[in-house]
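Thank you all for making time this morning. I would like to walk through one model with you, going slowly from one part to the next, so please have the picture open while I talk.

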Amino acid sequence: MVNTAPARTETPTKTAKRPARPNGQWKVDGPAPLNHNEEFKAESDPLEVRDRIERIYAKEGFDSIPGDDLHGRFRWWGLYTQRKPGIDGGKTATLEPHELEDKYFMLRVRIDGGALSTEQLRVIAGISTEFGRDSADITDRQNIQLHWIEVEAMPEIWRRLEAVGLSTTEACGDVPRVILGSPVAGVAKDELIDPTPVIEEIQKRFIGDPALANLPRKFKTAITGHPSLDVVHEINDVSFVGVEHPERGIGYDVWVGGALATTPRFAERLGAFVSAEEAPEVWHGVVSIFRDYGYRRLRNKARLKFLLADWGVEKFREVLETEYLGYRMTDGDAPPTPAELGLAERGDHIGVHEQHDGRFYVGAAPTVGRVAGENLARLADVAEAHGSRRVRLTPLQKVLVLGVTQDQVEPLIADLDELGLHARPSLFRRNTIACTGIEYCKLAIVETKATSAEAITQLEERLGDLKDLKPLTLHVNGCPNSCARIQTADIGLKGQLVMDDDGNQVPGFQVHLGGGLASVERDDAGLGRTVRGLKVTADGIGDYVERVVRRYDADHDGAE
Ligand code: SF4
């Protein structure tokens, strides 16, 4: 596979003059806001909108909410306005936000590390059935996203979530978003280090901290100590990956500056080893660099990856050590890839796996992350009926039930199956993920969830005859953003309008091929490439993937 990481943006040399136009870096250019987004963040701390929601908007309703709160600050509490049903994708770019939206919200529940108790699961399920028309999607950032939420319900929703230790704090917005954590943290037999203490420490000390609530844009974190590298660490702003240091023992290798969207870029290693005790401070230092030096003038250049591209890792590490940490970090080596370890499975944790305590965890696949609220309540019942009170969500839109005794494994699998959660799914159900799409997302051009589900069903019917198929990942996005990480899939589909055979404009997808992360099949992971001119209509996905798979099956060479 060819690594098609984009060329770096203009790399300044030491002698380069400051650009004529300031980039909006607070420590270089000062804090004057250079665009409207920066203005509303400077005007009042976005986290303070919670108070206005509880005191005013929940009582006076949707129409009482001013624009900067509605389309800006609400995100800091996990709330996005939802797309009005029936507006076709061709109008997405031409209508104003208020013309695209309804009085309803999407609400993201923040679940750091994807870790839930059955009690917490029941509370989310209750909110979904009572306030969200039974909607619930597991996102590929281990959140649960609800829909059809009205502002009037928010005080009661927060009361219920917070009573069981859940929150929507900084679930969206220009903030440190939910922390991706290994879904098998603390239980896996082959885990190198349990990242739970680091996740909890960051959560406790820094999430909701006003000093970190005005970043240039979103900031994503991932932490794992599992050798299958199960948190897509290559595409987060900062990642900590479990590794053993010859003198200091087990800790983390630090990566910075990964992100996808329209200018994808893999994270780079700082070449530094940190202990579990050091990791939260180092995390804080990296976020602080982003806050102080990140570019704020243009939102499409405001992610950490652009600063890293200009600085390079050496300067980034130097600034981190001298201006933020006050000490030199220990040099460290990269963790081995799963391929180097000879791991036989991808890090999606589907199926039955032994834990370090002799019990088992069972990973099951819903279809592209869609689960109803009612089914979440039944999942809590099923888990408890088989002796578990712990559930985890994964960055691949999957569910794990932890801590099951051997005799309960098969009965649990049978019950999960009835909920549409398959512990032995087809390769297509297992390896397909999809973003929210036009059903709810105002940026979407095409539908994604039902389209993907239909394609999975077709592929299961048509390709059931092929034996020993290699896993093939299919990621489906509803627009050029990359919420479903299309550049990291074998086949990535980017939503757009395309021409069908009769010359009509219909929903469809641009095809990206050959992406991947540090998976077990290959160690030359790279970002997928757009295949120029290769587009499929939404109802042609099954045909297209079938052709690719049959040709691959007929032509591939050995372990290729
Ligand atoms: Fe919405 Fe586009 Fe993200 Fe899909 S990829 S959820 S359509 S912004």
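Before I use any element numbers, I should say that helices and strands here are DSSP runs, helices having at least four residues and strands at least two, and that they are numbered from the N terminus. With that in hand, we can place D134, which lies in the loop between helix 6, residues 118–131, and strand 4. Please also keep in mind throughout that this is a predicted model.

D134 is worth a pause, since it has a positive phi of about 70° although it is not a glycine. As general background, most residues other than glycine have a negative phi. D134 has 16 C-beta neighbours inside 10 Å, and therefore counts as partly exposed. A second case of this kind is Q397, a residue other than glycine whose phi is positive and near 65°, and which sits in the loop between strand 14, residues 390–393, and strand 15. Is Q397 buried or exposed? Because Q397 has 25 C-beta neighbours inside 10 Å, it counts as buried.

Going back to strand 4, we find it in an open sheet of four strands with the order 1-2-5-4 and antiparallel pairing. Strand 1, residues 79–83, and strand 4, residues 137–138, are at the edges with a single partner strand each, so one side of each has no neighbour in the sheet. Strand 4 pairs with strand 5, residues 144–149, in the antiparallel sense over two bridges, and within that pairing D137 stands opposite Q145 of strand 5.

Now let us turn to strand 7, residues 219–224, where six of the six residues are buried, so that this strand is largely enclosed by the rest of the structure. In general, the side chains of a regular strand alternate between the two faces of the sheet. Here F219, T221 and I223 point one way while K220, A222 and T224 point the other, and all of them are buried. Which strands does strand 7 pair with? Strand 6, residues 176–181, pairs with strand 7 in the parallel sense over four bridges, and strand 8, residues 238–245, also pairs with strand 7 in the parallel sense over four bridges. I223 takes part on both sides, being the bridge partner of G181 and standing opposite F240 in strand 8. I would also draw your attention to the connection, since strand 6, helix 8, residues 196–206, and strand 7 make a left-handed β-α-β unit.

Next, the interior. The largest nonpolar core has 149 residues, and those touching the most other members are V254, V256, V286, Y361, V362, L379 and V401. Helix 9, residues 279–293, gives the most to this core, with eight residues. Leaving aside neighbours within four places in sequence, V286 is in contact with V238, V256 and L320.

Further along the chain, helix 14, residues 406–418, has L412, I413 and L416 as its buried residues, and their cover includes strand 13 (360–364), helix 13 (373–385) and strand 15 (399–404). Just after helix 14, G420 takes a positive phi of about 80°.

Finally, the ligand, whose surroundings include C435, C441, C479 and C483, along with others such as T436, L443 and N477. By class, the shell around the ligand has six nonpolar, five polar and no charged residues.

Definitions and conventions
Residues numbered from 1 in each chain as written. Buried ≥ 20, exposed ≤ 12 C-beta atoms within 10 Å, placed from the backbone. Pairing = 2+ DSSP bridges. Right-handed = clockwise from strand over helix to strand, strands pointing away. Contact = placed C-beta atoms within 7 Å. Near = placed C-beta within 6 Å. Nonpolar A, V, L, I, M, F, W, Y, C, P; charged D, E, K, R; others polar. Core = buried A, V, L, I, M, F, W, Y, C linked by C-beta atoms within 7 Å.
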